[in-house]
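Ready to practise reading a protein structure? Take a look at the view below, then work through the exercises at your own pace.

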Amino acid sequence: MTWMADAAHVSRTVKPAPSAAPARAGLVLMSLIAVAAVANLNLSVANVALPSIGRTFDSSQTTLDLIAVGYSLGLAASVLYLGALGDRYGRKLMLLAGMVLSVPACLLAAYAPSDGVLFAARVLGGLSAGMAYPTTLALITALWSGPGRTRAIALWSAVGGGIAALGPLVAGALLQSFWWGSVFLVTLPLAAFALVLAFLLVPGHVHETTDPVDNGGGVLSVIVVGTLILAINFAPVPGKGALALGLAAVALAALAGFVLRQRRARNPLYDLHVAGRRIFWVAACAGVIVFGSLMGSAFISQQYLQNVLGYSTLEAGTAFLPAVVIMVLVAPSSARLVETRGARFTLLTGYVFLLLAFAWMLLLWGQGSAYWQIGMAYAFVGAGVGFAGTPASHSLTGSVPVQRAGMASGTADLQRDLGGAILQSVFGALLTAGYASAFSAAIAASPDRQQVSTSMQNMLTRSFSSAADAAQTYPQYSAQITAAARSSFLSGADWAYAAGITAIVAGAAIVYFLFPRKEDEDGLLAAYHAEDARARSDP
């Protein structure tokens, strides 16, 4: 019997689990979204403050990169292990501990006496988020079922993405009047509010496991994800190639050890059999591209708005608002589509909007673009992530046993962090290469090229900010240097947008050809649930 016939047979013989929700469901969901908001906001506030941090500590670009990635490093490296610990020892306990730890982490970051301490504080903040953020999705999976779970995940995903997108706006507004450390204090009132709500409203010990935790696998998972993210971030940094290769080698060795251990462990940290389920792994791959597109587009476009169009940090952050609004508005429609047309159709709908967004940026963003052109692209991004984010997370949680909710929620978090790290690094490398190539060509075509020394050419082609410094040093050539830098930046940005289109088309192809249609999806999910029920009933 083929897998489709077997899935269809099971879908006819196994009744789906009835829809369920906790008492005071709306308040419980609000408390979980508030906890997730602390992590989402902390994740995105630092980037706008990096120039001020660099001036305060005279930091190198590598140090600033580490500060930027520190939070996601601590978060992504810990989610699988901490998710398993929450499944075993109490998800509510893990959630409350994460909120408590976020307070000293924020205070240490805000008042850090050096950039090294600031990096450590960001990693500590990421660990606190690793306790709390994936636990929120695991609790939604454990407390809700049926269409109610789909709607809850849709709101959790959309509001979380919207709050993350608001980070640059909030940080930009604070930096207009306060010092750089203020951006790390903004979540303290929210953390206190979320802690009280979670303590009072979130039920404890729901569908948790009594199996022992694979601590050795947990340590290996931290090494794998941590070194991989560092390798990805160091790869495009000049002079850091050997370090990136060394980190990648450690990641590969640890990954080999992790896979071997998970295949042999009686109670694996990450069940490779479950991870190999069609709905699970295709949704995981699709989510990496969806959330990577969101973070990658913000990474490039925020620089474009400030460098090319001359927006202030506050104006650039405000410009992203259409994405936030549309993300939240389409969440109910996304949930309905998942229930009526299936995850495959909803994912592909999101991919269409993301493709429109990157094509719009590639073709219509230029030196004189009006705001409506900027806002329209961001609206497409918001619609794409709003539609695709829900099925990406829903399919992960729906295809695992509820006792493994921490594994699914950890994978959902890795979608965002790994997707963002990969696409931001790729986009950044292409932006840098395209910018340098275009500026070098402009110098070669200039009638004054003989007057440009090698050291000056290196300065002009290194980055837009370096060219801006050169323009201030040589005011008589300021107009020409600035015009060339803007044009070159657009060329590099176009390379990045083209890479985004390629990634989105590849992701859409994976979903179109490998993700089952609605009827087959329902059959497969029923088969998974039946298999998990049999496994629980075996002695």
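Here are four exercises with worked solutions, all based on a predicted model.

**Exercise 1. Salt bridges across the chain**

Find out how many salt bridges the whole structure has, and explain what the pairs Asp-214 with Arg-261 and Arg-277 with Glu-531 tie together.

Solution.
- Step 1: Searching the whole structure gives 3 salt bridges.
- Step 2: In one of them, Asp-214 pairs with Arg-261, and their closest N and O atoms are 2.7 Å apart. Asp-214 sits in the loop between helix 8 and helix 9, while Arg-261 belongs to helix 10, so this pair ties together parts that are 47 residues apart in sequence.
- Step 3: Arg-277 pairs with Glu-531, with 3.4 Å between the closest N and O atoms. Here the loop between helix 11 and helix 12 is tied to helix 21, so the linked parts are 254 residues apart in sequence.

**Exercise 2. Buried or exposed?**

Classify Asp-214, Arg-261, Arg-277 and Glu-531 as buried, partly exposed or exposed.

Solution.
- Step 1: Recall the cut-offs: buried means under 20% relative accessible area, and exposed means over 50%.
- Step 2: Asp-214 has 6%, so it is buried. Arg-261 has 37%, so it is partly exposed.
- Step 3: Arg-277 has 4%, so it counts as buried. Glu-531 has 29%, so it counts as partly exposed.

**Exercise 3. A salt bridge within a helix**

Work out how many residues separate Lys-518 and Asp-522 in helix 21, and why that is about one helical turn.

Solution.
- Step 1: The side chains of Lys-518 and Asp-522 form a salt bridge, at 2.7 Å from N to O.
- Step 2: Both residues lie in helix 21, 4 residues apart, so about one helical turn separates them.
- Step 3: Lys-518 is partly exposed at 23% relative accessibility, and Asp-522 is partly exposed at 35%.

**Exercise 4. How do the helices cross?**

Decide whether helix 12 and helix 15, and then helix 6 and helix 7, are roughly parallel or roughly antiparallel.

Solution.
- Step 1: The axes of helix 12 and helix 15 come within 11 Å and cross at roughly 30°. Angles under 35 degrees count as roughly parallel, so helix 12 is roughly parallel to helix 15. Their crossing is left-handed.
- Step 2: For helix 6 and helix 7, the axes come within 9 Å and the crossing angle is roughly 160°. Angles over 145 degrees count as roughly antiparallel, and therefore helix 6 and helix 7 are roughly antiparallel. This crossing of helix 6 and helix 7 is right-handed.

Methods:
Residues are numbered from 1 along each chain as its sequence is written. This is a predicted model: local features need pLDDT of at least 70, side-chain atom pairs count only at pLDDT 80 or more; totals for chains, interfaces and linings use all residues. Side-chain values use heavy atoms; hydrogens and water are left out. Axes are lines fitted to C-alpha atoms, for helices over the stretch in contact, and angles run from 0 to 180 degrees between N-to-C directions. Helices (H or I, at least four residues) and strands (E, at least two) are DSSP runs, numbered from the N terminus. Angles under 35 degrees count as roughly parallel, over 145 as roughly antiparallel, 65 to 115 as roughly perpendicular and the rest as oblique. A crossing is left-handed if the near helix is turned anticlockwise from the far one by less than a right angle, and right-handed if clockwise. A salt bridge is a side-chain nitrogen of Lys or Arg within 4 Å of a carboxyl oxygen of Asp or Glu. Buried means under 20% relative accessible area, exposed over 50%, partly exposed in between (1.4 Å probe, protein chains only).
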